[in-house]
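Good morning, and thank you for coming. Please look at the structure on the screen while I describe how some of its parts are arranged.

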Amino acid sequence: MKRVEERFLEYVKIDTKSDENTKVTPSTKGQLKLAEILLNELKEMGLNDAEISEDGYVYATLEKNCNKNIPTIGFIAHMDTAPDYSGTNVKPKIVKNYDGGDIKLNEEVILSPKFSPELKNYIGKTLITTDGTTLLGADDKAGIAEIMTAVEYLVNNKEIEHGTIKIAFTPDEEIGEGADHFKVEEFNADFAYTLDGGSIGELEYENFNAAGVTVEIKGVNVHPGYAKNKMINSIMVANEFINSLPLGEVPEKTQKYEGFYHLSDINGTVENTKLEFIVRDFFEDTFEKRKEKFIEIERELNEKYGEEIVTVAIKDQYKNMKEKIEPIMHIVETAKKAMEDADVIPKIKPIRGGTDGARLSFMGLPTPNIFAGGENFHGKYEYIPVESMEKAVAVILNIINIYTSK
């Protein structure tokens, strides 16, 4: 049987960076390459229904081996890595018995507790790091490796009773498309868990409500030497728009349950300026107020400069899955107990972002999120302790055991 870190080190060699510009699913061929490897491994384990869908999703079933009435549980992870940073030619480094000091990734890049204070939590552990030139891919190849290792353990230990276990590995999560083509009805699980969280102990069932906002501003261009009372500089109007939002409610000044407005892109000339925002809030009422704020500013600026100078378009993106999880909170409580049984301290906290689990929850598959164990995702300072991956495997098996024992 392969150890979880062996699987992980094999998977990260494959460049699966997603790309939102290709407009196909999966968005990159590397994801299909990993999908084929996972398909072959699942079939070798005896999961004969394993398949790759037309959209590049890997599905498989570990059939129940007892007559007990046990819920069908799903475990899900995503195959792609973030487009933020290179995933080509990943060369992991192994740091055994970490001593708490700086880690030299290469001649120029140092992973230091000064940058990552949480490193001190892993003294004595075995760390897998990058070589300082790529991301690592623990988000979410660690989750894949953990699920595959747990499934193989059950296959090799047939005396362990369990219900039906559903497995899915999805493409393009990092570009917000991971749930787009997920076959919830065919997956046919009562509930599921994504193995896509960060550090050991994380357990999440709340996420932001989210919207994207596009603001388009039309100006009037006149020769600057003769522009008095004639020119409307759309860039300056855009500046007014930005400054009309609460300046303290931005990502760099908020935390925990605090929402924000985030200006993610600006492109403009005197005649035309376009602003792109994302809006995030955990609570439905304040989320709606944030969206209303954009309409209020649009109205005020149009009254000042003239009709249709400013146009606001708002598009909801995803919702807080909490409302879908709370009616069946046993799935969170079970994950919490599974962690405690594995000597892991649960850290229940909100996700300051989105997750496939949120969309799946609203598609009819309640799906909280469990730690995969990595740190510093999406960049050259990414790393993961081997022991955290081993604990994630134990948590998966404990969840299955708890529901089997009820």
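**Helices and a sheet**

Let me begin with helix H5, residues 234-243, which lies across S11, S12, S14 and strand S13 (272-281). The direction of H5 is at about 15° to that of S13. A further helix, H6, residues 284-305, packs on the sheet as well and touches S11, S12, S13 and S14. Relative to S14, the direction of H6 makes an angle of about 165°. I should say at this point that the model is predicted.

Let us now turn to the sheet itself. In what order do the strands of this open sheet run? The order is S12-S13-S11-S14, 4 strands with antiparallel pairing. At the edges are strand S12 (260-268) and strand S14 (310-318), each of which pairs on one side only. From one strand to the next, the twist averages 15°. Strand S11, residues 209-218, pairs with S14 over 8 bridges in the antiparallel sense. Within this part of the sheet, Ala210 stands opposite Tyr318 in S14.

My last topic is a pair of helices. Helix H1 (residues 4-11) packs against helix H3 (residues 138-156) at an angle of about 135°, and their axes are 9 Å apart. H1 and H3 are therefore oblique to each other. Their crossing is right-handed. From H1, the contact is made by Val4, Arg7, Phe8 and Tyr11. On the side of H3, the contacting residues include Ala138, Lys141, Ile144 and Met148. Sorted by class, the contact of H1 with H3 has 8 nonpolar, 1 polar and 4 charged residues.

Definitions and conventions: Residues are numbered from 1 along each chain as its sequence is written. This is a predicted model: local features need pLDDT of at least 70, side-chain atom pairs count only at pLDDT 80 or more; totals for chains, interfaces and linings use all residues. Side-chain values use heavy atoms; hydrogens and water are left out. Axes are lines fitted to C-alpha atoms, for helices over the stretch in contact, and angles run from 0 to 180 degrees between N-to-C directions. Helices (H or I, at least four residues) and strands (E, at least two) are DSSP runs, numbered from the N terminus. Angles under 35 degrees count as roughly parallel, over 145 as roughly antiparallel, 65 to 115 as roughly perpendicular and the rest as oblique. A crossing is left-handed if the near helix is turned anticlockwise from the far one by less than a right angle, and right-handed if clockwise. Contact means heavy atoms within 4.5 Å. Ala, Val, Leu, Ile, Met, Phe, Trp, Tyr, Cys and Pro count as nonpolar, Asp, Glu, Lys and Arg as charged, and the others, Gly among them, as polar. Two strands pair if DSSP finds at least two bridges between them.
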